[in-house]
Amino acid sequence: MKPLPFLLDSAPASDSAPGAAAPTAPSSTPATRNPRRPAVIVPVLHTDAELLALGCREAADSGLVDVIEWRVDPLVADTLDPAGGGVDAVAEAIRELAPHATAAGLPVLATLRTAAEGGEAELSDAAYAEVVAGLAAALTDANAAAGASVPIAIDVEIARDSAQDVIGVLRTVGVPVVASRHNFSDTERVADMRETLNEMRAAGAAVVKIAMMPTTAPDVADLLRATAEADADLDCPVLGISMGELGRTSRILGADFGSCATFAQMGTASAPGQIAAGELAVILDRLYA
Ligand SMILES: O=C1C[C@@](O)(C(=O)O)C[C@@H](O)[C@@H]1O
């Protein structure tokens with residue numbers, strides 16, 4: 001298992017002034033104190049600035065969380081005009097909210113999860129590319145305005161036609177990409193999952209991630225096998241998730257199979273099978289002490 005490249009103590013060098021975003025920003029997190037432990041990522045889905053800031057603050061204060069996943073698709077869905085316009089309004093809304101996502105000082109993985117992959121936003125490839133690039137700029141600017149260097153990363157869905165270009169743009173501005181593929185109906189063949197992970201790495205992703213829905217226990221085993229084999233072969237961190245209750249082994253013991261992180265819930269789950277962060281922390285502390 002290789003660590004996520006955007007944990008607190010692995011922040012890429014930045015030109016911005018040193019210092020944390022907030023006086024009470026954490027200086028370490030569970031996975032940075034214990035590299036054997038997978039990083040715990042908690043999604044926050046609020047579209048309201050105060051609630052977003054509060055959700056991130058609660059995650060930071062809990063001491064249980066390594067990374068906030070700022071899910072912007074509810075905001076995008078609320079802001080986009082159904083006729084297909086409104087990308088400028090979305091960019092503006094994201095700019096307003098970005099400082100609230102970084103204010104607690106935890107690393108932020110920003111994700112625009114589209115309807116095709118279990119999220120709320122429906123948008124064209126061109127709009128997707130524009131919004132995702134805007135996310136990176138908004139978070140970078142939020143850091144600069146606060147004189148902070150909160151690590152940031154952006155999720156890119158590899159199935160989008162624009163994925164390769166988007167990854168290229170994000171690499172140019174030095175923002176690590178987590179490439180994603182979700183399948184909510186079944187678990188693909190091990191060879192196909194491996195191919196997807198290879199393709200993500202070849203496209204320039206810093207972290208490669210698959211999330212599959214199992215219908216049988218062997219499906220969970222297949223997901224773990226693909227994760228372990230990719231971790232052995234690829235020179236980047238791999239994240240493998242088997243969703244739903246059946247897939248819980250992957251969320252608890254995924255690190256034993258090379259998975260670098262696990263998504264847990266505080267409040268609202270963002271995918272089926274997520275375990276409460278507090279309960280997961282007790283288990284991870286015992287397993288990886
Ligand atoms: O990619 C993922 C993983 C996830 O789908 C899960 O199964 O925990 C949750 C999403 O919020 C995130 O973007």
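What is the volume of the largest cavity? I began my notebook with that. The model I looked at is a predicted one. Its largest cavity has a volume of about 130 Å³.

**Entry 1: the cavity**

I counted cavities of 30 Å³ or more and got one. I then looked up its walls. The largest cavity is lined by 15 residues. Closest to its centre are Arg-71, His-182, Ser-270, Ala-271 and Gln-274. I sorted the lining by class. Six residues are charged, five are nonpolar and four are polar.

**Entry 2: what sits there**

Which space does the ligand take? I checked, and the ligand takes the space of the largest cavity. I listed the residues around the ligand next. There are 13 of them. Glu-69, His-182, Lys-209, Arg-251 and Ser-270 are the closest. His-182 and Ser-270 thus appear in my list for the ligand and in my list for the cavity centre. By class, the shell around the ligand has five charged, four polar and four nonpolar residues.

**Entry 3: polar contacts of the ligand**

How far is a polar side-chain atom of Glu-69 from an oxygen atom of the ligand? I read off 2.5 Å. I looked up Arg-71 as well. One of its polar side-chain atoms lies 2.8 Å from a ligand oxygen. Then I turned to His-182. An N or O atom in the His-182 side chain is 2.8 Å from an oxygen atom of the ligand. I also asked how much of the ligand the protein covers. On its own, the ligand has 320 Å² of accessible area, and the protein covers 99% of this.

**Entry 4: the second largest pocket**

I moved on to an open space. The second largest pocket holds about 220 Å³ of space. Its lining has 13 residues. Val-44, His-46, Gly-55, Met-266 and Gly-267 lie nearest the centre of this pocket. Which elements give two or more residues to the lining? I found strand S1, residues 39-44, and helix H2, residues 49-62. H2 gives the most, with five residues. I sorted this lining by class too. Eight residues are nonpolar, four are polar and one is charged.

**Entry 5: side by side**

I put the two linings next to each other. The largest cavity has six charged residues in its lining. The second largest pocket has one charged residue in its lining. For nonpolar residues, I noted five in the cavity lining and eight in the pocket lining.

Key: Residues are numbered from 1 along each chain as its sequence is written. This is a predicted model: local features need pLDDT of at least 70, side-chain atom pairs count only at pLDDT 80 or more; totals for chains, interfaces and linings use all residues. Side-chain values use heavy atoms; hydrogens and water are left out. On a 1 Å grid over the protein atoms alone, a cavity is a set of points where a 1.4 Å probe fits but cannot get out, and a pocket is an open set with protein on both sides within 12 Å along at least five of seven lines; lining residues have an atom within 4 Å of a point. Grid points are joined across faces, edges and corners, and a volume is the space filled by probe spheres set on the points. Helices (H or I, at least four residues) and strands (E, at least two) are DSSP runs, numbered from the N terminus. Ala, Val, Leu, Ile, Met, Phe, Trp, Tyr, Cys and Pro count as nonpolar, Asp, Glu, Lys and Arg as charged, and the others, Gly among them, as polar. A residue is near a molecule or strand if one of its heavy atoms lies within 4 Å of it. A polar contact is a pair of N or O atoms within 3.5 Å; within protein, one must be able to donate a hydrogen and the other to accept it, and residues adjacent in sequence count only if both atoms are side-chain atoms. Accessible areas come from the Shrake-Rupley method with a 1.4 Å probe; for residues, only the protein chains shown count as cover. A molecule sits in a cavity or pocket if more than half of its atoms lie within 2 Å of its grid points.
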